[in-house]
Amino acid sequence: MTASRPAPITRSYCVNGIDLAVHEWAPVPGSPPAPPLVFAHATGFHGRVFDAVIACFPAHPVHAIDLRGHGASGGGPIDDWRIVAADVAGFLEQAGIAGAIGIGHSMGAHTLLQVAADRPQAFDRLVLFDPVILAPEFYAPGEPLYTAENPHPAIRRKRDFASVAEMEERFRARDPYCLFDARVFADYCRHGLVPAASGEGLELACAPEVEASVYASSRSNGAILEAARGVDIPVLVVRARMTNLNDFKSSPTWPELASILPQGTDLYRPDRTHFHPFEDPADAARIIAGMLG
């Protein structure tokens, strides 16, 4: 597999009142026809964290989405994950994309499965790296996970940086960033900052209040389990090592998820954490390649 590919063009799609940024790579000239690949990232990240994986698929047109409130996309805090799926469905419709291979990680994987349920023609198959789709009891009515008085700890993340180098220095030795492949870590930092609203320095592209809102609303789409039962395309669920929900490196994915999908396959990888695609992008690419047929 190749390790390089020209930089993408970033296009903006107006969906649900926001500008959704999508990083798009054309196939390398002379490549045989190949289905489009659509990537959706985890909470707090952006579409360019997949650059190292995308480089391995030069024959495919690729679309890596910055989800609402992340990267170069507009939008603020959310209270329902279904709005993120509606954004992606709107983009796919505008772009005329159908029969794609969807590749998602964490919240992005959850999103793509919901899109596949809502818009059956969108995808021919899915590769879901540790989707945040939990056991049915997680979605039962109960006390809020977080409140305004007790917000998710992400709300306290450092927002402002003088430079990309400062962000790299701050995070390089920290868990889980210390586990990341060097290129993925560099891409995460390079594309994870935008000019600060103050006009001085840089700030996180995913604002702390946006990231915190995603975690706080993680029970909002309990209907995802019923939706999954109707997604009748090949779906590979790649699950990482499971310890407990208080360990952010642990897999949150319901072990029975693949069994309720009409064409689901479970791949348990206890040798990897929840950040599998970032730890070993070459391994992630091999798994995706195995689903391309």
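Begin by selecting Val38, whose bridge partner in strand S4 is His63. The model on display is a predicted one. Now extend the selection to strand S3 (residues 37-40) and strand S4 (residues 62-65): the two run parallel and are joined by four bridges.

Next, display the whole sheet. It is open, has eight strands with mixed pairing, and follows the order S1-S2-S4-S3-S5-S6-S10-S11. At its edges are strand S1 (9-15) and strand S11 (264-269), each of which pairs on one side only. From one strand to the next, the twist averages 20°.

Turn then to the helices that lie across this sheet. Select helix H2 (residues 82-95), which lies across S1, strand S2 (18-25), S3, S4 and strand S6 (123-129) and runs at about 110° to S1. Helix H3 lies across S3, strand S5 (100-105) and S6, and its direction is at about 155° to S6.

The interior may be visited next. The largest nonpolar core has 48 residues, and Leu92, Leu113, Phe123 and Leu126 have the most contacts inside it. Select Phe123 and show its surroundings: among the residues it touches are Val38, Leu92, Leu112, Val115 and Ile233. A second, separate core of 38 residues includes Phe45, Val49, Val127 and Phe129. In soluble globular proteins, nonpolar side chains tend to be buried together.

Move to helix H6 (residues 208-216), where Pro208, Val210, Glu211, Ala212, Ser213 and Val214 are buried. Helix H3 (107-118) and strand S9 (202-204) are included in what covers these residues.

Several loop residues complete the tour. Select His60, in the loop between helix H1 (51-54) and S4. Is His60 buried or exposed? His60 counts as buried because its relative accessibility is 10%, under the 20% limit. Its contacts include Arg5, Trp25, Pro27 and Leu292.

Proceed to Pro176, in the loop between helix H4 (164-171) and helix H5 (182-191). The peptide bond joining Asp175 and Pro176 is cis, with omega about 5°.

Finally, compare two residues that are not glycine. Asn16, in the loop between S1 and S2, has a positive phi of about 50°. Asn16 counts as partly exposed, because its relative accessibility is 45%. Asp130, in the loop between S6 and strand S7 (160-161), also has a positive phi, near 45°. Asp130, however, is buried, with a relative accessible area of 2%.

Definitions and conventions. Residues numbered from 1 in each chain as written. Predicted model: local features only at pLDDT ≥ 70, side-chain atom pairs only at ≥ 80, totals over all residues. Heavy atoms only, no water. Core = buried A, V, L, I, M, F, W, Y, C linked by side-chain atoms within 4.5 Å. Buried < 20%, exposed > 50% of the residue type's maximum accessible area, 1.4 Å probe, protein only. Contact = heavy atoms within 4.5 Å. Pairing = 2+ DSSP bridges. Axes fitted to C-alpha atoms, helices over the stretch in contact; angles between N-to-C directions. Lists of a residue's contacts leave out its neighbours within four places in sequence.
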